[in-house]
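Some notes on this model follow, as numbered points. Please read them with the structure open.

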Amino acid sequence: MESSVIKTARGADIRLYSGGTGPALVYLHGVTGLMTDDPFLAALSERFTIYAPVLPGYEDSTGQDDVDDVLEFALHGHDVIDALALPVKPILAGHCLGGMIAAEMAAIAPNEFNQLILIGALGLWDDNLPVPDLFATLPFELPALMFNDAQLGQQLLSSGMDFNDPEFLTDYLVGNANRMGMAGKLLFPIPERGLARRLYRIKARTALIWGESDKLVTPAYAEKFQALVTSAEVHKIPGGHMVHYESTAAAVDVMVGFVGG
Amino acid sequence: MVSKIKERELAVKFTWFNLMPWPHLPENFREEHRSVWVDIPNKLYDPVEGHKVYNTYLGQLEYAEELGFDGIGVNEHHSNGYGMMPSPNIMAAALSRRTSKAALVVLGNSIALYNPPIRVAEEFAMLDVISGGRLVAGFPVGTSMDTNYVYGTIPAETRPRYAEAHELIKRAWAEEEPFAFNGKYNKMRYVNCWPKPIQKDPPIFIPGGGSLETYDFCLENDYNYSYLSFSGYLRAKQLMDGYWERVEKSGRDMSPYRAGFAQTIIVADSDEDAEKYYREHIDYFYNRCLHVYPGFADAPGYRTIKTLKAGVTTQMTRQAVGNVTEMSWDQLIRDGYIIAGSPASVLEQMKKLIHSLRVGNIFCLLHVGNMTDEKTRRSSKLFAEEVMPHLRNEWPEYAEDNRFWTDPLPQISDRQAVPAVGGA
């Protein structure tokens with residue numbers, strides 16, 4: 001996976017991970033960001049040419065002050081794709097927060113995408129199925145919320161973290177404030193910004209991939225998306241909210257099958 | 001009376017403050033509930049008992065004026081078991097008609113939460129006019145618990161909204177013709193503040209918790225910076241030193257009236273009596289009232305990166321406050337969490353507080369936790385009569401500095417303050 005920085009027309013410097021072979025696929029990460037040597041991207045790159053931009057506020061991507069509301073998040077996404085200058089329309093995929101942004105992008109510019117893949121996407125809200133409060137979740141509680149296998153989650157999310165080291169703690173708090181401060185613009189206090197009223201506009205064929213035991217965005221939300229998007233199929237596979245890290249091969253298979261079909 | 005007001009203006013200011021805690025949190029509160037704030041279930045609140053509690057607390061604030069305190073203080077919290085004033089302006093309005101001398105120290109309105117914030121300009125103006133110019137206007141950013149978790153403000157928007165609200169309120173007070181305000185969060189075609197306050201520039205107090213930007217904001221505007229901490233004056237020293245360093249660097253004068261501090265104070269006939277009669281209420285406050293779930297303490301994005309890099313984090317977790325309930329009485333006093341004892345002991349500790357923090361405003365937390373009315377009044381009376389008079393003249397070189405206090409009408413008009421029913 002190659003790491004580079006691209007500049008958007010708005011002036012943001014965006015960290016980009018790219019590589020692989022196959023159809024072009026833009027992947028928007030979720031609220032926890034990408035992982036070091038991200039295992040999902042590595043698996044995906046065997047079947048797709050991946051472009052994974054990092055959201056402003058995450059890692060060293062800049063421009064968070066220019067992206068405040070749902071329209072600006074969606075336009076930022078389009079700015080990034082414009083900056084990639086791809087010869088073909090890419091497949092657009094997103095997980096969690098990235099799924100919410102991807103859905104907004106496809107609703108705002110329905111002719112830009114033929115295929116859309118949403119994995120455990122946020123963006124809808126049902127009073128009877130409240131999404132847990134990510135912003136009141138302590139770091140050590142996060143793996144159990146995000147993963148079906150909390151131990152795997154612990155390993156992937158918290159490796160190398162030592163909260164007793166004051167220097168680490170300050171760095172962590174700064175990074176967390178940058179990341180979650182940015183995510184909060186779309187997700188706080190309730191991760192809903194009117195997407196349900198715009199989903200009808202999506203023309204892309206859509207795959208909805210959900211973890212069977214997603215505790216953050218429960219699997220019932222897949223059907224809620226399906227009911228609002230013109231052409232959508234639901235695929236539930238074993239795992240929690242981070243299903244593509246827990247059932248990586250199965251997730252990639254679904255994506256390959258969907259794109260081929 | 002004029003001379004009395006004059007005398008008050010030229011001395012260290014004491015504001016009698018009541019946080020208005022719910023005094024009936026169950027003994028096993030800490031075990032049964034994760035937080036006193038945000039998600040504390042309101043089945044723990046009994047409105048009939050609440051009627052008594054509110055009126056007792058308001059009575060104490062009125063009594064504080066009788067005792068000669070310069071100000072009586074109220075503040076704003078939401079969904080909070082130790083702070084039952086979601087609308088401090090309602091409390092101040094109730095007090096404005098029952099008092100005639102004390103400043104109404106509203107500390108304050110979380111201006112980012114009022115929509116549109118012109119509401120604060122209007123209500124504060126109303127309070128200032130009703131009270132004859134006795135308003136001290138507090139503009140806190142608001143805690144993350146109140147502002148983000150309870151009222152739903154996006155953390156990253158908290159400070160920009162605050163800054164915009166501040167600009168709008170100040171302009172609304174200053175302008176004499178309607179004007180249009182094109183803010184990011186507030187679009188108003190006709191900003192037109194009726195009434196406007198009696199005091200041309202009501203004194204503005206900013207309660208802060210160590211945000212560096214807040215120091216500069218206070219200095220740029222000549223606002224009072226007040227540190228409201230529950231861990232006492234000794235642990236506040238480092239923060240206040242940082243503030244004064246900033247004042248000095250800015251080239252401004254070092255008037256102690258630029259700063260204030262809140263301190264838990266208990267006065268009894270003897271040191272022994274202070275512990276004997278008041279320890280249980282200290283324990284109630286620190287054990288039950290300050291039981292805040294760490295997940296609510298600091299929404300990511302609420303603090304600025306600059307402040308986080310300076311290592312400033314929340315003051316509200318047990319780790320930050322310290323495990324007071326396991327400390328001996330002597331240690332509580334030695335470490336400055338509380339100032340307590342006989343009048344002579346309290347006087348000595350108060351002098352240390354005033355000079356070590358360089359403050360001209362003291363917010364006296366003389367009601368603590370579930371303290372009874374009788375004990376509260378007794379301690380307050382001893383403080384007012386035997387301690388306060390000896391602390392008035394601690395900053396003689398700044399005796400002329402009245403920039404940071406109220407400028408009321410010389411005569412509180414045609415009306416008399418309505419006596420409290422069954423008043424003391």
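1. Is Leu71(A) buried, partly exposed or exposed? In this predicted model, Leu71(A) is partly exposed, since its relative accessibility is 45%. Leu71(A) belongs to helix α2 of chain A, which covers residues 70–84. Together with Leu75(A) and Ile108(A), Leu71(A) makes a nonpolar patch of about 230 Å² on the surface.

2. A patch of negative charge also lies on the surface, and its members are Asp162(A), Asp165(A), Glu167(A) and Asp171(A). Asp162(A) sits in the loop of chain A that runs between α5 (150–158) and α6 (166–187). With a relative accessible area of 36%, Asp162(A) is partly exposed. That value is over the 30% required of patch residues.

3. Leu199(A) is also a loop residue, placed between α6 and β7 (205–211) of chain A. Leu199(A) is nevertheless buried, because its relative accessible area is 0% and the cut-off for buried is under 20%. Leaving aside residues up to four places away in sequence, Leu199(A) is in contact with Ala103(A), Leu124(A), Phe225(A), Leu228(A) and Val229(A). Met35(A) is 164 residues from Leu199(A) along the chain, and the C-alpha atoms of the two are 30 Å apart.

4. Over all chains, the structure has 29 salt bridges. One of them, in chain A, pairs Lys7(A) with Asp13(A), at 2.8 Å from N to O. Lys7(A) counts as exposed because its relative accessibility is 52%, and the cut-off for exposed is over 50%. Asp13(A), at 28%, is partly exposed.

5. In chain B, Arg34(B) and Asp39(B) form a salt bridge whose closest N and O atoms lie 2.7 Å apart. Arg34(B) is partly exposed, with a relative accessibility of 41%. Asp39(B) is likewise partly exposed, at 34%.

6. Which residues are linked with Arg258(B) in a network of salt bridges? They are Asp222(B), Arg252(B), Asp253(B), Asp401(B) and Arg403(B). Within this group, the closest N and O atoms of Arg258(B) and Asp253(B) are 2.9 Å apart. Arg258(B) is buried, at 1% relative accessibility, whereas Asp253(B) is partly exposed, at 31%.

Note on methods
Residues are numbered from 1 along each chain as its sequence is written. Chains are lettered from A and ligands numbered from 1 in the order in which they are written. This is a predicted model: local features need pLDDT of at least 70, side-chain atom pairs count only at pLDDT 80 or more; totals for chains, interfaces and linings use all residues. Side-chain values use heavy atoms; hydrogens and water are left out. Patches are made of residues with over 30% relative accessible area and no salt bridge: like charges are joined within 9 Å, nonpolar side chains (Val, Leu, Ile, Met, Phe, Trp, Tyr) within 5 Å. Accessible areas come from the Shrake-Rupley method with a 1.4 Å probe; for residues, only the protein chains shown count as cover. A salt bridge is a side-chain nitrogen of Lys or Arg within 4 Å of a carboxyl oxygen of Asp or Glu. Lys and Arg count as positive and Asp and Glu as negative; His and the chain ends are not counted. The place of a charge is taken as NZ of Lys, CZ of Arg, CG of Asp or CD of Glu. Helices (H or I, at least four residues) and strands (E, at least two) are DSSP runs, numbered from the N terminus. Buried means under 20% relative accessible area, exposed over 50%, partly exposed in between (1.4 Å probe, protein chains only). Contact means heavy atoms within 4.5 Å.
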